[in-house]
Amino acid sequence: MIRDKSARKPAAKDAAKQDAARKAAPSKAAKASAVKVPAGKKGIIAIAPPSFRRERALIKRGVWPVAGCDEAGRGPLAGPVVAAAVILDPDRIPRGIDDSKRLTAEERERLFDKICATAQVSVAVASRSRIDRDNILRASLWALKRAVVALPDSPRHVFVDGRDRLDTSCDCEAVIGGDGIVLSIAAASIVAKVTRDRLMCALAQDCPGYGFEQHKGYAVPEHLDALDRLGPTVHHRSFFAPVAAARAKHMPWTVEPVQDLFTVTEVQVDANVEVDVSANL
C-alpha cells in the first residue's frame, strides 16, 4: 500500500498556522480593555479617564451626598492656594471631566461652566499670609476643609486628592492621584484650577512685570528673572527659597540675622576678684 504523504503535509501546515493564529490573537477581554490610539501617535500611552465608580458604589449603599475635593496652587512662589469641593449630580454629569492637568485652558473653562451649572460647588481660598503663618501643607488642608463645610448640602462621604485626610464630621477618604481616578475629585480640580488662574490674572494687573497672567506664580525662568530684577511683591510667599533670596537682595533690612549657636564667646575675668570655689559644693 502506497501512502500519499503529500496529502497530509498541507493539513499539518494548516493546523500549525491555526495554532499560531490562536496564540497571536488577543482575547475578547484584551480587546475590550484596549484603548484606541490615534494614527500617527505612536509611543503615546493612553490613560483611562477618571470614573464615577467609587461614588456610585457608595450611592448603592445608601451613602449620599458624596463630594470630591482638590486644591490648586501648592507649588507656586506667589498667590493663594484655592480649594474646591464638588458634589456631582449622578443624572447630569458633564462629559469630558478629567484631571485638570490633562486639559487645555479652553477645555477647563468650558467644563468649569458646565460643572457649576449642574453640580453643587464651593470654593475656599488660603491667602499668602496664612501660607506664611501655617506653612503650605496646613494652609492647603485648612482651605480644603473650608470648601467641604461650605457646600450647600453636607456630604456624608468625601474623597480628597492626596495622602492626607481632612478633619471633617463625615467619612473622608484620601486617594493618591485622585484627580485622575475619582470623577468628583477631577471636577474639583477643574474648579480650583480655573478659579486660581483667574485670581492670578487679576493680581497681574496690580503687579505688572512679573507675568502672573502667564505662569500663574510658578517658578519658571521668567518669574525667577523678574524676582531677581524687581524683588518680591506682597503676594509672594515669604519662606519659599527664591523669594527669600530676592528679599535679601532688594530689602536686606527686612532679613533678621541668624544667630550662630556654635560661636564661642570669650568672657573677660578680672584677676583681682576672688572666687570661692567651695560655694558650689
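**Exercise 1. Place Leu199 in the predicted model: which helix holds Leu199, and what surface patch does Leu199 help form?**

Step 1. Find the element. Leu199 lies in helix 7.

Step 2. Check the exposure. Partly exposed covers the range between 20% and 50% relative accessible area. Leu199 has 32% relative accessibility, so Leu199 counts as partly exposed.

Step 3. Look for nonpolar partners. Val123 and Val125 join Leu199 in a nonpolar patch on the surface. Together the three have about 190 Å² of accessible area.

**Exercise 2. Stay in helix 7. Which salt bridges does Asp197 form with Lys193 and with Arg108?**

Step 1. Recall the principle. Side chains of opposite charge can pair when their charged atoms come close.

Step 2. Take Lys193. The closest N and O atoms of Asp197 and Lys193 are 3.3 Å apart, and the two form a salt bridge. Why about one helical turn between them? Because Asp197 and Lys193 are four residues apart in helix 7.

Step 3. Take Arg108. The side chains of Asp197 and Arg108 also meet in a salt bridge, at 4.0 Å from N to O. This pair links distant parts of the chain. Asp197 sits in helix 7 (residues 183–206), while Arg108 sits in helix 4 (residues 105–118). They are 89 residues apart.

Step 4. Judge the burial. The cut-off for buried is under 20%. Asp197 has 14% relative accessibility, so Asp197 is buried. Lys193 has 19%, so Lys193 counts as buried as well. Arg108 is buried too.

**Exercise 3. Compare the two ends of the salt bridge between Asp99 and Lys101. Is Asp99 buried or exposed? Is Lys101 buried or exposed?**

Step 1. Confirm the pair. Asp99 and Lys101 form a salt bridge, with their closest N and O atoms 3.2 Å apart.

Step 2. Test Asp99. At 6% relative accessibility, Asp99 counts as buried.

Step 3. Test Lys101. Exposed means over 50%. Lys101 has 63%, so Lys101 counts as exposed.

Step 4. Widen the view. Asp179 is linked with Asp99 and Lys101 in a network of salt bridges.

**Exercise 4. Step back to the whole protein. How many salt bridges, helices and strands are there, and what share of the residues is buried?**

Step 1. Count the salt bridges. A search of the whole structure finds 15.

Step 2. Count the elements. The protein has 10 helices and five strands.

Step 3. Read the burial. Of the 281 residues, 37% count as buried.

Step 4. Add the surface. The protein exposes about 18,200 Å², and carbon and sulfur atoms supply 55% of that area.

How values were computed:
Residues numbered from 1 in each chain as written. Predicted model: local features only at pLDDT ≥ 70, side-chain atom pairs only at ≥ 80, totals over all residues. Heavy atoms only, no water. Buried < 20%, exposed > 50% of the residue type's maximum accessible area, 1.4 Å probe, protein only. Helix = DSSP H or I, 4+ residues; strand = E, 2+ residues; numbered from the N terminus. Patch = residues over 30% accessible without salt bridge, like charges linked within 9 Å, V, L, I, M, F, W, Y side chains within 5 Å. Areas by Shrake-Rupley, 256 points an atom, 1.4 Å probe, with all protein chains shown as cover.
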